[in-house]
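Grab a coffee and have a look at the model below. We'll work through a few short exercises on charged side chains.

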Amino acid sequence: MSKLLPSAEGSLLLVGGKLVPGGAGVFATMNPASGEVLGQAANGDAGDMDAAIAAARSAFDDTGWSRDHAFRAACLRQLRDALRDNIEELRELTIAEVGAPRMLTSGPQLEGPIGDLGYFADLAENYTWETDLGVASPMGIKSGRTLRREAVGVVGAITPWNFPHQINFAKLGPALAAGATVVLKPAPDTPWCAALIGKVIAEQTDIPAGVVNIVTSADHALGAQLAGDPRVDMVSFTGSTATGKAVMATAATTLKKVFLELGGKSAFIVLDDADIAAASSYAGFSVCVHAGQGCALTTRLLVPRASYDDAVAAAAKAMAGIKPGDPAEGGTVCGPLISERQRDRVERYLEIAQAEGGTIVTGGGRPDRPGWFVEPTLISGLSNTATAAQEEIFGPVLVVIPHDGDDDAVRLANESPYGLSGAVWGTDPERIDHVVRGVRTGTLGVNGGIWYAADAPFGGYKQSGIGRELGVAGFEEYTETKLVATAE
Ligand code: NAD
């Protein structure tokens with residue numbers, strides 16, 4: 001029997017420990033693979049957000065949550081285990097709402113981030129909360145100094161739809177481990193993914209009332225309300241760079257701490273001593289994963305000019321072999337785009353690419369099926385300054401650009417407002433190291449290396465963000481330091 005599936009009346013909000021309907025009624029959540037309504041979600045209004053912030057504030061100020069490290073670790077493990085108890089139901093609902101290929105739900109779309117809660121539970125228990133800095137005599141006064149770490153307070157977490165569990169848990173895990181309390185406002189496109197977590201928290205864990213609040217809504221303004229509220233100490237945002245700038249401006253009115261994970265236009269650099277065909281095939285394949293809806297996917301393939309045609313042919317062959325399909329099927333790599341709006345946006349970029357002189361080598365069309373699909377598309381003939389090479393498309397679209405040697409490849413990789421991720425393929429370790437040092441991004445994979453893990457900080461340079469998610473650095477984002485000096 002279903003424990004999580006929302007009733008016909010819709011999923012609920014989690015506010016102050018209670019599962020409640022939304023003040024603005026309900027809104028539809030869609031199945032992007034069919035284009036049909038999946039069900040109804042609670043439509044939170046400004047009053048719900050206000051109540052959620054008040055509950056988080058009171059749970060932080062009036063309870064021992066932030067000081068009881070062992071209890072928080074136990075709660076995080078309990079949440080992880082409860083989610084695992086419901087994993088098959090969560091898997092089906094995630095596939096249906098996100099359009100996430102089934103194969104990804106055993107990794108970053110579901111089971112990976114749930115398992116990562118254990119990493120943060122361990123951190124809560126084992127972290128060095130106090131460091132003795134020893135005695136110093138500034139201004140002649142002998143003082144024993146202790147550096148303490150404390151929770152940042154109330155966190156407003158605002159998240160997108162592409163990897164909802166990964167991103168929601170990459171905020172909830174470290175924030176709760178650090179002793180913060182949270183108001184989570186998920187994207188309107190994936191309300192159930194968040195609401196079902198709220199239901200598990202309320203019904204199957206000892207996480208105290210108000211420590212986690214989840215307000216789903218069709219209204220983006222609730223995100224702005226959360227970012228601007230003076231009772232919120234920190235806003236932790238993942239989403240587009242444009243919205244990130246708006247969040248930062250809103251947060252500035254109350255000068256709160258801002259943590260931003262934003263967009264990317266990452267480069268896949270192939271050096272001339274690499275296996276050009278193997279590297280280009282890999283690049284073609286990887287941009288199709290989850291229909292290209294990954295902020296860190298490599299969407300610009302930079303190849304030696306002399307090998308350009310070979311690289312295009314190899315990448316095109318790989319992409320033509322990937323048929324967009326039903327995400328519920330085990331073999332599907334490339335599912336649907338999240339919404340009709342996103343599908344139309346991707347198609348607009350394909351038109352712009354052609355108008356600017358690009359050639360669609362493979363793909364470009366809509367598969368003949370319901371839902372919001374786009375064929376994996378390879379574009380050649382564009383320079384790095386073309387719109388499709390500069391702007392985040394968020395679809396299964398790869399642009400191939402020639403480079404004139406290692407330094408030119410670095411220059412092109414960095415010729416972008418973004419600095420999120422990237423890849424380097426080659427055989428000479430010294431040349432690879434030279435390129436790795438030159439590229440200004442927060443993560444890099446070499447010859448297919450995977451950087452994503454609970455203990456590995458992830459984030460961007462430049463307009464890809466401020467701060468790091470996951471790892472000790474990601475945990476410390478949710479803390480403040482307090483230096484206590486005692487005269488001796
Ligand atoms: P988005 O920026 O449109 O929305 C993200 C969230 O912000 C949603 O919850 C939305 O309701 C909320 N929001 C919208 N306007 C707001 C405002 N003015 N104030 C506060 N909140 C507001 O992003 P999206 O379309 O949901 O997601 C796709 C984007 O997310 C892509 O740009 C992608 O690169 C980025 N992303 C980044 C990372 C990363 O870690 N760097 C990870 C995943 C996605």
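**Exercise 1.** Which residue forms a salt bridge with Arg 231, and how far apart are the closest N and O atoms?

Keep in mind that this is a predicted model. Start at Arg 231: its salt-bridge partner is Asp 50, with the closest N and O atoms 2.6 Å apart. Next, place the two residues. Arg 231 sits in the loop between helix H7 (221-228) and strand S10 (234-238), while Asp 50 belongs to helix H1 (residues 46-62). That makes it a link between distant parts of the chain, 181 residues apart.

**Exercise 2.** Is Asp 50 buried, partly exposed or exposed? Do the same for Arg 231.

Buried needs a relative accessible area under 20%, and exposed needs one over 50%. Asp 50 comes out at 37%, so it is partly exposed. Arg 231 has 25%, so it is partly exposed.

**Exercise 3.** What parts of the chain does the pair Asp 233 and Arg 57 tie together?

First, the contact: these side chains meet in a salt bridge at 2.8 Å, N to O. Asp 233 is in the loop between H7 and S10 and Arg 57 is in helix H1, so the pair joins parts 176 residues apart in sequence. Now check the burial. Asp 233 is partly exposed at 27% relative accessibility, whereas Arg 57 counts as buried at 18%.

**Exercise 4.** Which residues are linked with Arg 366 in a network of salt bridges?

Trace the network and you'll find Glu 340, Arg 343, Asp 344 and Glu 347 linked with Arg 366. For the wider count, the structure holds 26 salt bridges.

Key. Residues numbered from 1 in each chain as written. Predicted model: local features only at pLDDT ≥ 70, side-chain atom pairs only at ≥ 80, totals over all residues. Heavy atoms only, no water. Salt bridge = Lys/Arg side-chain N within 4 Å of Asp/Glu carboxyl O. Helix = DSSP H or I, 4+ residues; strand = E, 2+ residues; numbered from the N terminus. Buried < 20%, exposed > 50% of the residue type's maximum accessible area, 1.4 Å probe, protein only.
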